[in-house]
Amino acid sequence: MSKQSKNPMRAFMLVSTILSCVIGGTVGGLFLGIWLDKLLNASPVFLIICLLVGMLTSIYSISKVVQPFLGDDNEDAK
């Protein structure tokens with residue numbers, strides 16, 4: 001593990017980014033679902049669909065954010 005990966009500020013930034021992905025995806029899906037349900041009078045179909053899409057988008061975003069941190073150990077072994 002490199003010195004840069006042990007930096008507490010880097011860990012704090014990573015956790016903050018993950019939290020913003022989870023909250024942003026979920027809240028964005030919630031508001032978009034409520035707006036579409038009111039617009040099309042189809043309660044709660046779009047709320048459920050948009051929440052699921054928001055959560056899946058959050059998971060994808062988290063996997064992309066964490067991906068650079070998973071390969072650091074191989075560089076130290078060289």
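This report describes the fold, the first helix and a few buried residues of a predicted protein model.

**Overall fold**

In this predicted model, the secondary structure consists of three helices and zero strands, and the order along the sequence is accordingly written as α-α-α. The protein has 78 residues, of which 14% count as buried, while its accessible surface comes to about 6000 Å², with 71% of that surface belonging to carbon and sulfur atoms. When contacts between residues at least 6 apart in sequence are considered, 55% of them join residues at least 24 apart.

**Helix 1 and its ends**

Helix 1 runs over residues 8-40 and contains 33 residues. From its first C-alpha to its last, helix 1 reaches 47 Å, which is close to the 48 Å expected at 1.5 Å a residue. At the N-terminal end, helix 1 is capped by Asn7, a side-chain oxygen of which lies 3.1 Å from the backbone nitrogen of Met9. Beyond the other end, just after helix 1, Asn41 takes a positive phi of about 50°.

Which residues of helix 1 are buried? They are Leu14, Cys21, Gly25, Gly29, Gly33, Leu36 and Asp37, a set that includes three glycines as well as the acidic residue Asp37. The cover over the buried residues of helix 1 includes helix 2, which spans residues 45-66.

**Ser58 and the contact with helix 1**

Ser58 is found in helix 2, and its relative accessible area of 6% places it among the buried residues. Leaving aside residues up to four places away in sequence, Ser58 touches Cys21, Val22, Gly25 and Thr26. Two of these partners, Cys21 and Gly25, also appear in the list of buried residues of helix 1, so the contacts of Ser58 give a residue-level view of how helix 2 takes part in that cover.

**Cysteines and buried side chains**

How many disulfides does a search of the whole structure find? The search finds zero disulfides. A disulfide is a covalent bond between the sulfur atoms of two cysteines. Cys21 is nevertheless buried, with a relative accessible area of 17%, and Cys50 is buried as well, at 10%. Because buried is defined as under 20% relative accessible area, each of the residues tabulated below qualifies by its own value.

| Residue | Relative accessible area |
|---|---|
| Ser58 | 6% |
| Cys50 | 10% |
| Cys21 | 17% |

Methods. Residues are numbered from 1 along each chain as its sequence is written. This is a predicted model: local features need pLDDT of at least 70, side-chain atom pairs count only at pLDDT 80 or more; totals for chains, interfaces and linings use all residues. Side-chain values use heavy atoms; hydrogens and water are left out. Helices (H or I, at least four residues) and strands (E, at least two) are DSSP runs, numbered from the N terminus. The expected span of a helix is 1.5 Å times one less than its number of residues. Buried means under 20% relative accessible area, exposed over 50%, partly exposed in between (1.4 Å probe, protein chains only). Contact means heavy atoms within 4.5 Å. A polar contact is a pair of N or O atoms within 3.5 Å; within protein, one must be able to donate a hydrogen and the other to accept it, and residues adjacent in sequence count only if both atoms are side-chain atoms. A disulfide is a pair of cysteine sulfur atoms within 2.5 Å. Accessible areas come from the Shrake-Rupley method with a 1.4 Å probe; for residues, only the protein chains shown count as cover.
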